[in-house]
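Please open the structure in a viewer and keep the sequence at hand. The tour below proceeds from the whole chain to single residues, with a selection to make at each stop.

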Amino acid sequence: MRRLEMSKIIIYVILFLSTLTVLVPILNLLALSLTDPSKAHLMGGLDILPKGFSFINYQLLLSNPLITGSIVNSVWITAAGTFLNLLLTSMAAYVLARTTFIGKKLVLLFLIVIMVFEPGLIPEYLLVKDLGLMNKLTSLILYKAVNVYYLFILMRFFQDIPEEIVEAARIDGAGHFRTYTRMILPLSKPGLATLGLFYGVFHWNEYFRATIYISEPAKWPLQVVLRQFVVRKDNTSIIGSQDNLFNGAVNFDFASLQAGTIILAIVPLLILYPFILKYYAKGALEGGVKD
């Protein structure tokens, strides 16, 4: 018994230290972004409390049309892209998991080949160009509308739904569409929420293809602006316009503005997680069928 308690203590300590390694850098960035620019140089790498509390960095960032426009673009890409992903993935998963048709094995083999041998960037670029989607947000929304790996995950989830439930719906006269919308989807909320989170994080963090397909800064998502400002240290688009806006009356701190930009990029995901994680606690099918 004593060994068991000691093992739990060790596990808790390891988990606590692991949590600190993730939480402290985020809190440090938050504190730096809320620190007065004149005192930002006093902040250390482990400080989690701001020195001279101030919202000036967020005021500067959110008054920049490039930042606000990129946030709107990212929200639209993530929302529309995730909705399209879940719609197409769930429809394909239902057809492949709950129906039979001629050539089904060939379709599954084709999907496996696609998953293993993914097309390269050049054919993808030529396709986007031929479809007239260059410099359009639609190119980012339509990219990987169906992730084959996620499709197989959802197929497995649909296959685990007891056949008795589907048979009961068919006896009541429900067709495929009603069975899909009224039975399969409501019983698959945990799986849909999980894939929705995966798809949403993918769309929100996508920047590589945005740099290739989107040439107009006004259409950049937030991650591209973040890369320009934080990684490439291009401060002219951020600080230059703000200096004109405030007539040079505000002292800027480059590191504080960088931290504020990073916080703006990760806060939406941190807000989204609690709403998704509640679906992990219990399966929606618990108690649904009595033997």
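**The whole chain**

Begin with the entire protein in a cartoon view: read along the sequence, it follows the pattern α-α-α-α-α-α-α-α-α-α-α-α-α-α. The protein has 14 helices and zero strands. Please bear in mind that this is a predicted model. Of the 291 residues, 37% count as buried. Among contacts between residues at least 6 apart in sequence, 73% join residues at least 24 apart.

**First stop: helices α3 and α10**

Select residues 65–98, which form helix α3, together with residues 189–205, which form helix α10. Two packed helices are described by the angle between their axes and the distance between the axes. Here the axes come within 9 Å and cross at roughly 140°. An angle over 145° would count as roughly antiparallel; the crossing found here makes α3 oblique to α10. The crossing of α3 past α10 is right-handed.

Now show the side chains where the two helices meet. On the α3 side, select S74, V75, I77, T78, G81, T82, N85, L86, T89 and S90. On the α10 side, select L192, L195, G196, Y199, G200, H203 and W204. How many residues of this contact are nonpolar, polar and charged? The contact of α3 with α10 divides into seven nonpolar, ten polar and no charged residues.

**Second stop: N85**

Remain on helix α3 and centre the view on N85, which is found in that helix. Is N85 buried or exposed? N85 is buried, with a relative accessible area of 0%. Display its surroundings next: not counting residues up to four places away in sequence, N85 touches K144, A145, V146, Y199 and H203. Two of these names, Y199 and H203, also appear on the α10 side of the helix contact.

**Third stop: two residues with positive phi**

From N85, move to its contact K144, found in the loop between α6 and α7. K144 has a positive phi of about 50° although it is not a glycine. With a relative accessible area of 30%, K144 is partly exposed.

Then select N135, in the loop between α5 (121–130) and α6 (138–142). N135 is not a glycine, yet its phi is positive, at about 60°.

**Fourth stop: aromatic pairs**

Show the aromatic side chains next. A pair of aromatic rings is described by the distance of the centres and the angle of the planes. The count for this model comes to seven aromatic pairs.

Select Y94 and Y180 for one of them: this pair is tilted, at 5.7 Å centre to centre and 55° between the planes. Y94 lies in helix α3 and Y180 in helix α9 (residues 176–187), so the pair ties together parts that are 86 residues apart in sequence. Both Y94 and Y180 are buried.

Another pair is formed by Y150 and Y199, with 5.1 Å centre to centre and 85° between the planes, an edge-to-face arrangement. Because Y150 lies in helix α7 (residues 148–159) and Y199 in helix α10, this pair ties together parts that are 49 residues apart in sequence. Y150 counts as buried at 17% relative accessibility, and Y199 counts as buried at 2%. To widen the view, add Y149 and F198: ring pairs link Y149, Y150, F198 and Y199 into a cluster.

**Fifth stop: V24 on helix α1**

Select residues 2–33, which form helix α1, and find V24 there. V24 counts as partly exposed, at 22% relative accessibility. Leaving aside neighbours within four places in sequence, which residues is V24 in contact with? They are L46 and I48. V24 and I48 are 24 residues apart in sequence, and their C-alpha atoms are 7.0 Å apart in space.

**Last stop: L121 on helix α5**

Finally, select L121, found in helix α5. L121 counts as partly exposed, at 34% relative accessibility. Add F208, R209, I212 and Y213, with which L121 is in contact when neighbours within four places in sequence are left aside. A distance drawn between the C-alpha atoms of L121 and R209 comes to 9.4 Å, although these residues are 88 residues apart along the chain.

Notes: Residues numbered from 1 in each chain as written. Predicted model: local features only at pLDDT ≥ 70, side-chain atom pairs only at ≥ 80, totals over all residues. Heavy atoms only, no water. Axes fitted to C-alpha atoms, helices over the stretch in contact; angles between N-to-C directions. Helix = DSSP H or I, 4+ residues; strand = E, 2+ residues; numbered from the N terminus. Parallel < 35°, antiparallel > 145°, perpendicular 65-115°, else oblique. Left-handed = near helix turned anticlockwise from the far one by under 90°. Contact = heavy atoms within 4.5 Å. Nonpolar A, V, L, I, M, F, W, Y, C, P; charged D, E, K, R; others polar. Phe/Tyr/Trp six-rings, centres within 6.5 Å; stacked < 30°, edge-to-face > 60°. Buried < 20%, exposed > 50% of the residue type's maximum accessible area, 1.4 Å probe, protein only.
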